[in-house]
Amino acid sequence: ADNLSDALKKLKLTATDSTADSLEGCLDCLLQALAQNNTETSEKIQKSGVLQVFASLLTPQSSCTAKVANIIAEVARNEFMRNPCVEAGLIPPLVQLLNCKDQEVLLQTGRALGNICYDSHEGRNAVDHAGGAHIVVDHIRSLCSKTDPASEKLLTVFCGMLMNYSNENDTLQSQLINMGVIPTLVKLLGIHCQNAALTEMCLVAFGNLAELESSKEQFAYTNIAEELVKLFKKQIEHDKKEMIFEVLAPLAENDVIKLQLVEAGLVECLLEIVQKTVDSDKEDDIAELKTASDLMVLLLLGDESMQKLFEGGKGSVFQRVLSWIPSNSHQLQLAGALAIANFARNDGNCIHMVDNGIVQKLMDLLDRHVEDGNVTVQHAALSALRNLAIPVVNKAKMLSAGVAEAVLKFLRSEMPPVQFKLLGTLRMLIDAQAEAAEQLGKNVKLVERLVEWCEAKDHAGVMGESNRLLSALIRHSKSKDVIRTVVQSGGIKHLVTMATSEHVIMQNEALVALALIAALELGTAEKDLENAQLVQILHRLLSDDRSAPEIKYNSMVLICALIGSEPLQKEVQSLAFLDVVSKLRSHENKTVAQQASLTEQRLAVES
């Protein structure tokens with residue numbers, strides 16, 4: 001401790017005119033003290049005011065420069081020392097040293113700058129200001145192809161410095177991307193794949209940069225997919241695989257890179273991991289299984305990569321994914337169902353899958369999760385069934401396979417994501433299927449639950465889908481029984497509210513359903529339509545210039561049907577509908593204009 005105090009005093013006194021030898025002795029003493037107790041020694045260095053002295057010692061001519069940079073690097077390992085280093089003006093002279101040729105000076109300077117930037121906003125700003133990143137990127141470029149140990153060590157330090165410099169800072173990450181650092185780092189990874197430390201630094205740097213959209217476009221022009229898959233195949237340790245996964249996940253969000261990863265053979269690696277880890281209960285294996293299967297699902301989100309793996313339903317990957325669904329692992333069941341939902345993104349695939357028995361597999365899976373089931377698995381299986389039900393030819397097949405009954409078992413669910421998918425699946429299934437729509441529309445339990453969900457103000461998606469299904473049951477069944485069930489369950493007011501939705505498609509669906517109600521069961525629904533102020537709403541829709549032509553048309557059709565009811569007719573008369581309708585006779589849309597003439601005649605007769 002005494003030696004340290006002496007050395008600090010000496011440094012302050014003699015820094016300017018001391019001989020190199022006495023200076024070396026003082027610096028060695030500091031390095032020794034830092035090696036024994038870094039934190040305590042750093043505190044003493046800070047208190048002594050020696051940091052300011054270091055700025056003058058950082059000159060390319062001095063033989064002590066590397067040692068001074070080394071001391072700064074050691075000191076800056078402590079969070080509390082990073083700001084003082086910036087305030088002592090150390091960054092500009094350190095950045096200047098990046099231009100020198102001496103490898104040891106470059107190494108220690110790179111370490112010092114990297115440590116000062118670590119988690120330090122001020123450190124990064126100062127390095128940015130002094131133009132440090134540009135010089136480091138140039139160094140990496142020129143050293144990239146050198147494989148001697150000294151060059152590799154320097155490359156590792158420089159990559160680490162850039163990583164600390166840009167970590168969690170979008171602006172600095174963009175700056176590095178604009179400097180073209182990505183192709184250089186990818187090249188580096190290919191050349192130095194045997195060097196574990198350097199590879200690791202590259203991976204973390206990629207992980208930092210890959211979050212930005214602009215980086216993905218640059219990555220897509222490199223052979224990153226090939227390099228990462230090559231590296232991945234060699235890894236045995238869980239941690240190393242995890243690091244590569246962390247780069248793969250953000251990159252795989254880009255459709256071009258998705259396809260490159262598929263072509264580079266990533267899928268085979270992932271399937272192998274799944275096979276190895278599926279029955280293990282070791283924590284690492286469970287984590288690896290989740291990451292591998294999640295990544296697999298992500299690769300299927302790209303249209304090209306998905307079709308390539310589907311291979312007309314004959315693909316080995318598609319077959320393997322099918323085998324995940326009956327698995328005992330929730331993670332694999334989930335990934336399998338999500339993968340099917342992704343494969344089911346075009347009609348051809350959907351038709352092929354339904355013809356080949358996928359529906360039964362998904363229904364069996366749902367069955368296993370009815371009682372206190374896994375919500376994510378329920379949600380995924382329902383998503384898959386919903387997508388499969390989109391092509392017209394699949395609807396009847398799926399209905400006769402019992403999909404509607406399987407889905408209805410989840411009516412009790414209190415989970416909005418499950419409710420949302422359940423509603424969407426039923427709506428897809430009954431589209432233009434009159435018999436199924438009638439059967440479901442007479443199901444009092446279902447209709448009552450829909451009416452309840454129509455009020456789920458906290459969950460706009462569930463609320464919207466409930467309204468749409470309610471309207472669909474009426475539109476597709478055109479059944480008096482269904483309308484009576486909806487009236488008895490209190491559904492009318494929701495259909496009237498739906499007619500005021502901000503989405504034209506929903507407004508229209510509501511108006512068509514209400515027109516059917518008025519045509520088929522006006523007496524039963526009269527009171528509810530009056531209470532819900534339907535006539536006033538129609539007046540508003542017809543008076544509003546922003547209403548779409550189909551909304552105006554269907555509103556007039558509905559008015560003509562409503563005047564069959566005495567109380568509703570009185571309301572129509574009291575609101576001077578004739579004025580509004582006569583204006584619409586000159587509407588630019590022919591169908592609207594024709595309906596306006598018809599409506600005007602009807603209103604004139606009734607008045």
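Trainee: Where does the largest share of the lining of the largest cavity come from?
Mentor: From helix α11, which supplies 4 residues. Helices here are DSSP runs of H or I of at least four residues, and strands are E runs of at least two, numbered from the N terminus. This is a predicted model, where local features need pLDDT of at least 70, side-chain atom pairs count only at pLDDT 80 or more, and totals for chains, interfaces and linings use all residues. Residues are numbered from 1 along each chain as its sequence is written, and side-chain values use heavy atoms, leaving out hydrogens and water.

Trainee: Which other helices supply at least two residues of that lining?
Mentor: Alongside α11 (149–166), α13 (181–191) and α14 (196–209) each do so. The lining residues include Cys159, Met163, Val181, Leu185, Ala205 and Leu209.

Trainee: How many cavities of 30 Å³ or more are there?
Mentor: There is 1, and the largest cavity has a volume of about 60 Å³. On a 1 Å grid over the protein atoms alone, a cavity is a set of points where a 1.4 Å probe fits but cannot get out; a pocket is an open set with protein on both sides within 12 Å along at least five of seven lines; lining residues have an atom within 4 Å of a point. Volume is the space filled by probe spheres on the joined points.

Trainee: And what classes of residue line the cavity?
Mentor: Its lining has 8 nonpolar, 2 polar and no charged residues. Asp, Glu, Lys and Arg count as charged, Ala, Val, Leu, Ile, Met, Phe, Trp, Tyr, Cys and Pro as nonpolar, and the others as polar.

Trainee: Now pockets. What's the volume of the largest pocket?
Mentor: The largest pocket has a volume of about 380 Å³. Of the 19 residues that line this pocket, Met463, Gly464, Asn467, Ser501 and Met506 are the closest to its centre. Two elements, α32 (460–477) and α34 (492–498), give two or more residues to the pocket lining.

Trainee: Which one gives the most?
Mentor: α32 does, with 7 residues. By class, the pocket lining holds 6 nonpolar, 8 polar and 5 charged residues.

Trainee: New topic: is His369 buried or exposed?
Mentor: His369 counts as buried because its relative accessible area is 3%; buried means under 20%, exposed over 50%, and partly exposed in between, with a 1.4 Å probe and protein chains only. His369 lies in the loop between α25 (358–368) and α26 (375–388).

Trainee: What does His369 touch?
Mentor: Not counting residues up to four places away in sequence, His369 touches His330, Gln333, Asn374, Val377, Gln378 and Phe410. A contact is heavy atoms within 4.5 Å.

Trainee: And where is Ser327?
Mentor: Ser327 is in the loop between α22 (316–324) and α23 (330–343). Ser327 counts as buried because its relative accessibility is 13%. With neighbours up to four places away in sequence set aside, Ser327 touches Leu332, Gln333 and Arg368. So you'll find Gln333 in the contact lists of Ser327 and of His369.

Trainee: How many residues of α5 are buried?
Mentor: In α5 (residues 65–75), 10 of the 11 residues are buried, and the helix is mostly covered. Among them are Thr65, Val68, Ile71, Ile72 and Val75.

Trainee: Last one: where does UniProt place "repeat: ARM"?
Mentor: The unreviewed UniProt entry places that feature at residues 89–131 and 357–389. Residues 89–131 are 72% helix and 0% strand, with the end C-alpha atoms 15 Å apart. Residues 357–389 are 76% helix and 0% strand, with the end C-alpha atoms 14 Å apart.

Technical notes: UniProt positions are given in the numbering used here, feature names are shortened, and annotations may be inferred rather than shown by experiment.
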